[in-house]
Amino acid sequence: MNEIKTLGQFIIEKQKDFPYAKGELSRLLRDLAIAAKIVNREINKAGLASILGDSGTVNVQGESQKKLDVYANEQFIAALRSGGECCMIVSEENDEHINIDSEISKNAKYVVAIDPLDGSSNIDVNVGIGTIFSIYRRTSVSGAATVEDILQKGTSQVAAGYIIYGSSTMLVYTTGKGVNGFTLDPSIGEFCLSHPNLTIPESGTIYSINEGNYIHFPQGVKKYIKYCQEEDKNTFRPYTSRYTGSMVADLHRNLIKGGIFIYPYTSASPKGKLRLVYECNPMAFIMEQAGGKASDGTTRILDLDVYELHQRSPIFIGSRLMVEKAEEFMRVFHREALEVLNGFALDV
Ligand code: AHG
Ligand code: MN
Ligand code: MN
């Protein structure tokens, strides 16, 4: 008989990998998993509970907040607040960072960044949505945590993960020693280890990008898309296009099957759309730990300087060889664009 290992058991076992661990990170992960289960319960009955649709409020980025966005945000904040291991939270849904200064959190070492509900445009239509989290050790030693405590490069992440609420619900996370995936067994209410040591194929045949924005894409991305669509038996092209509008769902699929996900800068969004702190960095950490790659087109995502909470970044992420190919296109056509600016007559 196959032995079932729950997320709780797995986390405790893994704690031995960190000789000085006192169990704080383990408890923090447990708190996030509890919130995930509560959010999952609401998502599953969303159509029944009249919590679909707009909440009537707008978040810091001017996007209208869905009721489930607000609900998920409240649940993750509440779980982190009552768990006592987190002293500060940054959320997509809150303009400012949130200090937790309760008695039980006064010695908490960790700060957490979350995208409580990723893929909000898919909430009303039963397409996969997700949650993304990123955990850092606070840099200041005492007193209330400040915004500086979270403005750390992605390389400093202690752990990162996502939950995908799809045809089944999964929690996938890394603490820098590989990636493991757990599927929620609704009959016992536990996340169970289902995808140990997840690795992404070094290449694949799926590209994920919102091609509706094609006209606004940089030249390198336009040319890379055309490359994906060309016929070449040796490289299994043309590739397949798959894009749901939920980064978590698109990246989860590509992690399992191999592929590339691109959200580039565009003439309409010159800094890209996705947020570095709670979307790009955690996903980049997971992808690298799975053997994949993530860059902004030229620079490794995890090496980017972080100077504000809701900072945006372009992202090219997924199978290593595919990301490297896309970067090559960005390099070549960036140079051409510069040459045009310098007066060379190039057909770009
Ligand atoms: P969120 O729902 O947290 O705002 O994130 C949506 C993100 C990401 O999940 C997705 O890949 C992308 O925005 C979709 O954007 P477009 O509709 O512009 O393609
Ligand atoms: Mn998101
Ligand atoms: Mn979101």
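Modeller: Donors here are N, O and S atoms within 2.8 Å of the metal (3.2 Å for Na, K and Ca), and since water is not among the atoms, sites may look incomplete. The model is predicted, so that local features need pLDDT of at least 70 and side-chain atom pairs count only at pLDDT 80 or more, while totals for chains, interfaces and linings use all residues. Side-chain values use heavy atoms, with hydrogens and water left out.

Biologist: What makes Glu92, Asp115 and Leu117 donors of the manganese ion (ligand 3)?

Modeller: Glu92 (OE), Asp115 (OD) and Leu117 (O) coordinate the ion at 2.0 to 2.2 Å, and the cut-off for such a metal is 2.8 Å, so they count as donors. Along the chain these donors follow the spacing E-x22-D-x1-L.

Biologist: Which manganese ions does aspartate 115 bridge?

Modeller: Aspartate 115 bridges ligand 3 and ligand 2, two manganese ions that lie 3.7 Å apart.

Biologist: Why is aspartate 115 called buried?

Modeller: Buried means under 20% relative accessible area (1.4 Å probe, protein chains only), with exposed over 50% and partly exposed in between. Aspartate 115 has 0%, so it is buried, and leucine 117, with 1%, is buried too.

Biologist: How do you know where the largest nonpolar core lies with respect to domain 1 and domain 2?

Modeller: A nonpolar core is a set of buried Ala, Val, Leu, Ile, Met, Phe, Trp, Tyr and Cys residues joined through side-chain atoms within 4.5 Å. The largest one has 45 residues, and Ile150, Met283 and Ile315 have the most contacts inside it. Domain 1 (7–195) and domain 2 (206–341), whose bounds come from an automatic or database domain assignment, both give residues to this core, so it lies between them.

Notes
Residues numbered from 1 in each chain as written. Chains lettered and ligands numbered in written order.
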